[in-house]
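Reader: I've got a sequence and a model in front of me, and I'd like to talk through the charged contacts and then the sheet. Can you walk me through them?

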Amino acid sequence: MAEQRDDGKPGSEPGTDIEPKAGGQPAPRLDEEQLRQFQQFQQFQDYLKFTEAQQQGLVPSQTTQPVTQHYGGQPPAPPGPPPGELVHAPRPRMPRWLRRLGGKLLAWIIVIVLLCVGATIVYRQIFPSDAGQDTATFVQGGGGKHHTNRVLASSPWEAVRAIYDTIGKPYPQDVRVETVCLAMTEQAQAQFARDLGYPDCATAVPALNAKVTDITPYIYAVRPMSSVVPRQNLTIHSCWYSIRGGPVLGSFTLQEVEMGQWLITGHANSPDPCPAPPAGN
């Protein structure tokens with residue numbers, strides 16, 4: 001009799017008998033390679049029997065083929081995807097520390113954006129933009145640039161002379177209006193236009209320019225009357241000068257403001273009689 005294993009199945013491992021021969025003699029022992037070939041032969045025989053049964057109609061064609069036994073302890077491979085279908089690789093999971101870092105960065109970005117928006121709103125409230133305003137609307141607001149920039153004359157005499165120069169020369173209309181009107185406060189703009197017979201400063205400037213007939217004597221008529229300049233207010237009268245070649249613009253009251261600049265704060269028609277000019281030194 002062939003040697004029996006604990007599972008009661010002879011020949012289940014390499015080197016055992018396949019089946020005993022007649023007369024009780026054991027069959028030759030098979031090595032591992034011969035046993036593998038024998039098992040493949042048995043599987044092939046099973047497949048031939050199953051195919052023959054299908055052809056004879058003994059087994060429905062939908063019946064799956066017999067599952068052959070796998071040896072060596074290896075389970076059958078899992079079924080793959082259908083032919084032609086793409087297999088999507090699993091998406092790697094982001095580490096927890098990286099997710100936390102990304103959340104903190106996003107929070108800081110949001111805070112910075114909100115701070116920038118808030119700062120922009122505050123800046124525009126303090127320093128309104130003149131973008132999109134026409135010249136008349138801009139000068140009615142007074143500009144206000146002299147508070148932070150040097151845009152006005154550095155002496156009262158030069159401030160009045162610049163009014164005559166700008167009205168007398170053929171500058172573009174918007175340049176003339178801004179230069180003349182922004183040299184005055186809003187109150188002075190209204191007085192200047194009213195005293196000369198116009199509804200507002202933006203209307204008065206081009207109308208006065210049209211009345212200039214001789215540019216050279218007109219723009220050089222105003223000159224300093226004294227080297228002593230008061231530090232508070234000063235009124236300069238056009239009647240102190242011989243204005244030729246254009247309209248007489250009246251009397252301008254000026255005040256020193258930021259950075260040593262002089263702003264026109266009032267206007268009136270020239271008095272009659274004309275007061276004496278300050279004594280020169």
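Author: Sure, and keep in mind that this is a predicted model. A good place to start is a network of salt bridges that links Glu158, Arg161, Asp165 and Lys169.

Reader: How many salt bridges does the structure hold?

Author: Let's go through the contacts by residue. Glu158 bridges to Arg161, Arg161 bridges to Asp165, and Lys169 bridges to Asp165 as well. For the structure, the count is three.

Reader: How far apart are the closest N and O atoms of Arg161 and Asp165?

Author: A salt bridge needs a side-chain nitrogen of Lys or Arg within 4 Å of a carboxyl oxygen of Asp or Glu. Arg161 and Asp165 form one, and their closest N and O atoms are apart by 3.6 Å.

Reader: And what is that distance for Lys169 and Asp165?

Author: Lys169 is partly exposed, with 27% relative accessibility. Lys169 forms a salt bridge with Asp165, and for this pair the closest N and O atoms are separated by 3.2 Å.

Reader: Which helix holds both Glu158 and Arg161?

Author: These two are three residues apart, about one turn of the helix. Their salt bridge has its closest N and O atoms 3.1 Å apart. Arg161 and Asp165 are four residues apart in the helix, so about one helical turn separates them too. The helix with Glu158 and Arg161 spans residues 156–168 and is α4.

Reader: Is Asp165 buried or exposed?

Author: The cut-off for buried is under 20% relative accessible area. Glu158, at 32%, is partly exposed. Asp165 has a relative accessible area of 9%, so Asp165 is buried.

Reader: On to the sheet. Which strands are at the edges?

Author: Three strands make an open sheet, ordered β1-β2-β3 with antiparallel pairing. An edge strand pairs on one side only, which fits β1 (233–237) and β3 (262–268).

Reader: How many bridges join β1 to β2?

Author: β2 covers residues 251–256 and runs antiparallel to β1. Across this pair, Thr235 stands opposite Thr253 in β2. The bridges joining β1 to β2 number five.

Reader: Which helix lies across β2 and β3?

Author: Look for a helix running at about 40° to β3. It covers residues 186–195, and its name is α6.

Methods:
Residues numbered from 1 in each chain as written. Predicted model: local features only at pLDDT ≥ 70, side-chain atom pairs only at ≥ 80, totals over all residues. Heavy atoms only, no water. Buried < 20%, exposed > 50% of the residue type's maximum accessible area, 1.4 Å probe, protein only. Pairing = 2+ DSSP bridges. Contact = heavy atoms within 4.5 Å. Axes fitted to C-alpha atoms, helices over the stretch in contact; angles between N-to-C directions.
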